[in-house]
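Welcome! Take a moment to look over the sequence and turn the structure around before reading on.

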Amino acid sequence: MNPKEKLLWSIALPGFGQLLNGKYLKGIIFISLEFLINGQSHFNELILLSFIGEIERAIDKTEYQWLMFYPCVYFFAMWDSFKDAGGGKEPYSFLPFVLCAFFVTVGLIYSAKVKLFGFSLGTVWFPMLCVIPGVVIGIVLKALLKKAKFFSKSVQD
């Protein structure tokens, strides 16, 4: 399998990409963290409530102290499986993953307060939307840093 396939398996469940890469200890650790954080934060219940439109109930049931760990574990597991499979060889290719973790965590912090078009998206939908600026800014920043590195090499030569 190629690195993108491992990345997709990690999106399905953190740790799956590591298992496919033969990194069994890391895979088991990521899967264990997934179950621990998911259970302690009631994340599956939050997802269910959000899907049926019970946003306020989902916000009330959110265990922020646990759920705030989730984006970092999730995006690091994705990056790790992708890199271990041979991806991420470009300079700064980690930036979209790091910025997604950051934006989703900050989005989670403000999710109970933010309203879009008068509607609260809650602790599931709003953080998911925050992936978009994380990816876009990460890709743009990666390109800018690579370009700056190229220009600094040209000037030195």
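## Starting at the beginning of the chain

Let's begin with Asn2, which sits in the segment before helix H1 (3-12). Keep in mind that this is a predicted model. Is Asn2 buried, partly exposed or exposed? Its relative accessibility is 38%, so Asn2 counts as partly exposed, because buried means under 20% and exposed over 50%.

The side chain of Asn2 has a polar atom 2.9 Å from the backbone nitrogen of Lys4. For a sense of distance, try finding Gly107: its C-alpha atom is separated by 31 Å from that of Asn2, and the two residues are 105 apart along the chain.

## A residue on the inside

Now move to Thr123, which is part of helix H9 (residues 122-129). Thr123 has a relative accessible area of 2%, so this residue is buried. Its side chain makes a polar contact of 3.0 Å with the side chain of Thr62.

Apart from neighbours within four places in sequence, Thr123 is in contact with several residues, including Leu46, Ala58, Tyr64 and Leu108. Leu46, in turn, touches Ala58, Thr62 and Val124, among others.

## The nonpolar core

In soluble globular proteins, nonpolar side chains tend to be buried together. Here, the largest nonpolar core has 24 residues, and Leu46 is one of those with the most contacts inside it, as are Phe43, Leu67, Tyr70, Phe75, Met78 and Phe97. At least two residues of this core come from each of helices H3 (24-41), H4 (43-51), H7 (70-84), H8 (95-110) and H9. Which helix gives the most to this core? That is H7, with eight residues.

Notes:
Residues are numbered from 1 along each chain as its sequence is written. This is a predicted model: local features need pLDDT of at least 70, side-chain atom pairs count only at pLDDT 80 or more; totals for chains, interfaces and linings use all residues. Side-chain values use heavy atoms; hydrogens and water are left out. Helices (H or I, at least four residues) and strands (E, at least two) are DSSP runs, numbered from the N terminus. Buried means under 20% relative accessible area, exposed over 50%, partly exposed in between (1.4 Å probe, protein chains only). A polar contact is a pair of N or O atoms within 3.5 Å; within protein, one must be able to donate a hydrogen and the other to accept it, and residues adjacent in sequence count only if both atoms are side-chain atoms. Contact means heavy atoms within 4.5 Å. A nonpolar core is a set of buried Ala, Val, Leu, Ile, Met, Phe, Trp, Tyr and Cys residues joined through side-chain atoms within 4.5 Å.
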